[in-house]
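Please examine the sequence and the model shown below. The paragraphs that follow lead through its aromatic contacts, its charged pairs, one helix and a part of its surface.

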Amino acid sequence: MTLPEPRPDLGLREGYLSPQVEVPVRLNTNESPLPPPPEWTEMLVDELHRIQFNRYPDRSASELRAALAAFHGVAPEQVFCANGSNEVIQSLCLAYGGPGRRVAVFEPTYALHSHIAHLTGTAAAEGGRHRDFSLDLDEVARVQAAEDPVLTFLCSPNNPTGLADSPPTVGAVLEGAPGLVVVDEAYGQFAAWSALSLIDDERPLAVIRTFSKTWSMAGARLGYLVGPARVVTALERVALPYHLDSFKQAAGRLALKFAGQMEERVALIVRERQRILAAFASLPLTAWPSQSNFILFRPGRRKGDEVWAGLLDRGVLVRDTSSWPGLAGCLRVTVGTPEENDRFLAALGEVL
Ligand code: PMP
């Protein structure tokens, strides 16, 4: 039997996969450390009895989109839902990218923006950032002028560095953008300001959000975009028919009833983040300020991968970002429950 070779260019790229190791303390993928509210699960079980599983789901996810639109104060026509925000990114690249077209990314940033672009046959023009990882507006203008990107990806707060972009920064990027500016706000609830406030049918701006982090629903795979209605129409043209199953549509719609609990969780994580940063001050490492649910740090005296392995030996899994552009020796830790953070800090103290 001879099987065809897969596309030769796929081999060039490493997948964006963090090891899924069974450990007591998992702080490597920026999930919520807490399960969703039990009342949400009860409502969802109830809903399960009403779902007609022999029928295809509502193709336009109208109830979910209406609920999200009401939540954000936009029109349902300005909301596109998908299986995780990664699928939103893929849909954007399918709709606007392709051979001969480029997206712009500013490294270090979320690896899947350029990776998904590549998978869809779209080139990624990579710009740099300032030394403190804030956006360098001269560099953004240079990349936009030289590369004419159809999509300019921002990530705010930026994964894995933790900084959020300010309103003037996003405004300046929009001003010079030849195409659509996409602000990935997977961690948007942790930041002081959201680009959602700028969404307008006449402005080339879209914001991506996800249920995977603050909503405690990474297992449900649900993300969405808010943007001009014409962008949503373009994304609908590349989405597979019935891509969003009935169960997921109900799960997302019901989750929005628990916004209060979600905000309490955000407040807890922010308090814990500050506690970790305070503890970091007495350890031999450099840490970057974060407006998110994770912290980037570089151990001072030992190599990043050795510290990563030392933590793993002690049952704590963090993300080794040391091979990412500009992040030699760096690790990223997701803020967990108070108990998980205690274990992380104790293990880190021992390893360092
Ligand atoms: N964007 C950013 C910046 C992320 O960090 C992640 C998750 N790692 C995603 C998008 C994808 O999230 P999901 O597909 O689970 O919605």
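F297 and F344 are both buried, where buried means under 20% relative accessible area, exposed means over 50%, and partly exposed lies in between (1.4 Å probe, protein chains only). The model is a predicted one, in which local features need pLDDT of at least 70 and side-chain atom pairs count only at pLDDT 80 or more, while totals for chains, interfaces and linings use all residues. Residues are numbered from 1 along each chain as its sequence is written, and side-chain values use heavy atoms, with hydrogens and water left out.

The structure holds nine aromatic pairs. Rings of Phe, Tyr and Trp (its six-membered ring) are paired if their centres lie within 6.5 Å; planes under 30 degrees apart count as stacked, over 60 as edge-to-face, and the rest as tilted. One of these pairs is formed by F211 and Y224, which is tilted, with 5.8 Å from centre to centre and 55 degrees between the planes. This pair links distant parts of the chain, for F211 lies in the loop between strand 7 (205-210) and strand 8 (223-226), whereas Y224 lies in strand 8, 13 residues apart. Helices (H or I, at least four residues) and strands (E, at least two) are DSSP runs, numbered from the N terminus. F211 counts as buried because its relative accessibility is 0%. Y224 is likewise buried, with a relative accessible area of 2%.

In the pair of F297 and F344, the ring centres are 6.2 Å apart and the planes stand at 65 degrees, so the pair is edge-to-face. F297 belongs to strand 10 (residues 294-299) and F344 to helix 11 (residues 338-351), so this contact ties together parts that are 47 residues apart in sequence. Beyond single pairs, F71, F211, W215 and Y224 are linked by ring pairs into a cluster.

Aromatic rings also meet charged side chains. A charge sits over a ring if NZ of Lys or CZ of Arg is within 6 Å of the ring centre and within 35 degrees of the ring normal. The charged end of R59 sits over the ring of Y242, 5.5 Å from its centre. R332 lies over the face of F294, at 5.7 Å from the ring centre.

The next topic is the charged pairs. Side chains of opposite charge can pair when their charged atoms come close. A salt bridge is a side-chain nitrogen of Lys or Arg within 4 Å of a carboxyl oxygen of Asp or Glu, and the structure holds 15 salt bridges. One of them joins the side chains of R102 and E147 at 3.5 Å, N to O. This pair links distant parts of the chain, with R102 in strand 3 (residues 102-106) and E147 in helix 5 (residues 137-147), 45 residues apart. R102 counts as partly exposed because its relative accessibility is 25%, and E147 counts as partly exposed at 29%.

Helix 5 also carries a salt bridge between the side chains of E139 and R142 (2.9 Å, N to O). Because E139 and R142 are three residues apart in helix 5, about one helical turn separates them. E139 counts as buried at 16% relative accessibility, whereas R142 is partly exposed, with a relative accessible area of 46%.

The side chains of R209 and E185 meet in a salt bridge of 2.8 Å, N to O. R209 lies in strand 7 and E185 in the loop between strand 6 (180-184) and strand 7, so the pair ties together parts that are 24 residues apart in sequence. Both R209 and E185 are buried. Elsewhere, D46, E47, R50, E63 and R253 are linked in a network of salt bridges.

Helix 3 (residues 85-96) has twelve residues, which at 1.5 Å a residue should span 16 Å; its end C-alpha atoms are 16 Å apart, which agrees. The expected span is 1.5 Å times one less than the number of residues. Among the buried residues of helix 3 are V88, I89, L92 and Y96. Helix 3 is followed by G98, whose phi is positive, near 105 degrees.

Finally, at the surface, F53 lies in the loop between helix 1 (38-48) and helix 2 (62-72). F53 counts as exposed because its relative accessibility is 55%.
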